[in-house]
Amino acid sequence: MADLKLSEARDLTRIERIGAHSHIRGLGLDSTLTPRAVSEGLVGQLPARKAAGVILHMIRSGRIAGRGVLIAGQPGTGKTAIAMGLAKSLGDQTPFAMLSASEIFSFEISKTEALRQAFRKAIGVRIKEETEVIEGEVVEIVIDRPGAAGAAAKTGKVTLKTTEMEACYDMGVKLIEAMGKEKVQSGDVIALDKSSGKITKLGRSFSRSRDYDAVGGNTKFVQCPDGELQKRKEVVHCVTLHEIDVINSRTQGFLALFTGDTGEIRSEVREQIDTKVAEWREEGKAEVVPGVLFIDEVHMLDVECFSFLNRALENEMAPILVVATNRGHTVIRGTNYKSPHGIPIDLLDRLLVVKTEPYSEDDIRKILDIRCQEEDVEMSEEAKVLLTKIGVETSLRYAIHLITSSALACQKRKGKVVEMEDISRVYQLFLDVKRSTQYLMEYQSQYMFNEVAEDEGNEKVSGMQS
């Protein structure tokens, strides 16, 4: 008898990429906006996180717009991490737009138009709409299937009830398909939107909880609705001003949002939209939600962009502007003048400055522990001590980069726990900034187009060593 070949079955799992800030879940604050030492992926930076908590409270109140915040600090001190924590704490209901300042110069549209679109992405509109809904518990579903092929389309009836009444409704083909798609059966509590025909399964009725000996963990039990079967409910749609701009300025409507064909949007279109949104606000049909626009590496903007930000922050529909930079006293791009952080003084005067400080050795150790857990790397205590020492002497980012590479070195020697020898191996393989610069200075004569004088190179090496 021929051997039967069994096909190998493999589990298909969703691929999740681990990013630089994927471990951050929020700002790590308690109910009084006091930051915890280690919480929600953030470590240390207590004054900066408390300041971010105050900003978070301002945004949630929804009454303050057009404010600016500058997060300033040395490289690798958690500026972007705090901004990401702010975004996570706000949730999905508040718009959060994020871009790097250098992106402004790579768009096909003008710099001011790119900034204006970023501003409009960070302003949300909650549009309220009343709709008729049939809500009740399913008593019985009867579907009449055609006896032969080519016969009339199948029809059916569904009986719904509340605590006070019961009614029977006829079903067409589309409603029967929707019922089948949602796997609705007797005992389920459903809501049917009359205008769109959408069916929402709210859960299973408590009265039918004993129908089965065992139910799945995802089964949700709800009370049978009371009152009338047909009710009027208020539905809230959340969109951004930029999405409304694109839909009204392109012939393909909302499909332009998926194709990315936004291009320049005429000011007349925006004025009409702003007028209409203002009318909706007065009638109580809509509510404007100022969100957050985060611009990283803000010193990369030029003087024209800074002038636009100055004017844009005065608009009553402006979002909260959060910018970050790691520059000190430097030249404003597009001019020959120097200014703190490379930002003009008049704009700097409008910003609340939040400073971040270098991490202590204890903080670096805690961050490395979190990153090891996030990257699913098991590391010995001695290896963590060595990695912390490397992080203090070089940089936190370099130490984080060594986690995965040391895990691969451990895997190559068929080990399960990363040891000191794995850290030492990858430390020799990959250079940090200081060692790389020192190597470059030593062998500068062998590189092409070298412009550093020999005396200057020796001075830089001695300065780094000191």
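# Rings, charges and a greasy patch

Let's start with Phe308: this residue is buried, with a relative accessible area of 13% (buried means under 20%, exposed over 50% and partly exposed in between, using a 1.4 Å probe and protein chains only). What you're looking at is a predicted model, so local features need pLDDT of at least 70 and side-chain atom pairs count only at pLDDT 80 or more, while totals for chains, interfaces and linings use all residues. Residues are numbered from 1 along each chain as its sequence is written, and side-chain values use heavy atoms, with hydrogens and water left out.

**Aromatic pairs**

- The count of aromatic pairs comes to three (rings of Phe, Tyr and Trp, the last by its six-membered ring, pair if their centres lie within 6.5 Å; planes under 30 degrees apart are stacked, over 60 edge-to-face and the rest tilted).
- One of them joins Phe119 and Phe308 edge-to-face, at 6.2 Å centre to centre and with 90° between the planes.
- This pair ties together distant parts of the chain, 189 residues apart: Phe119 is in helix α3 (residues 111-121) and Phe308 in helix α8 (residues 303-312) (helices are DSSP runs of H or I with at least four residues, strands are E runs of at least two, and both are numbered from the N terminus).
- Phe119 is buried too, with a relative accessible area of 6%.
- Tyr439 and Tyr443 make a tilted pair, 4.8 Å centre to centre with 40° between the planes.
- Tyr439 is partly exposed at 42%, and Tyr443 is also partly exposed, at 34%.

**A nonpolar patch on the surface**

- Both of those tyrosines turn up again in a nonpolar surface patch of about 490 Å², together with Leu431, Leu440 and Tyr447.
- Patch members have over 30% relative accessible area and no salt bridge; nonpolar side chains (Val, Leu, Ile, Met, Phe, Trp, Tyr) are joined within 5 Å, like charges within 9 Å.
- A salt bridge is a side-chain nitrogen of Lys or Arg within 4 Å of a carboxyl oxygen of Asp or Glu, and accessible areas come from the Shrake-Rupley method with a 1.4 Å probe, where for residues only the protein chains shown count as cover.
- Leu440 belongs to helix α14 (residues 433-442) and is partly exposed at 41%.

**Arginines to look at**

- Arg333 has its charged end over the ring of Phe105, 4.2 Å from the ring centre (NZ of Lys or CZ of Arg must be within 6 Å of the centre and within 35 degrees of the ring normal).
- Arg435 places its charged end over the ring of Tyr427, 3.8 Å from the centre.
- Arg365, in helix α10 (residues 361-374), is buried at 17%.
- Apart from neighbours within four places in sequence, Arg365 is in contact (heavy atoms within 4.5 Å) with Glu381, Lys384, Val385 and Thr388.
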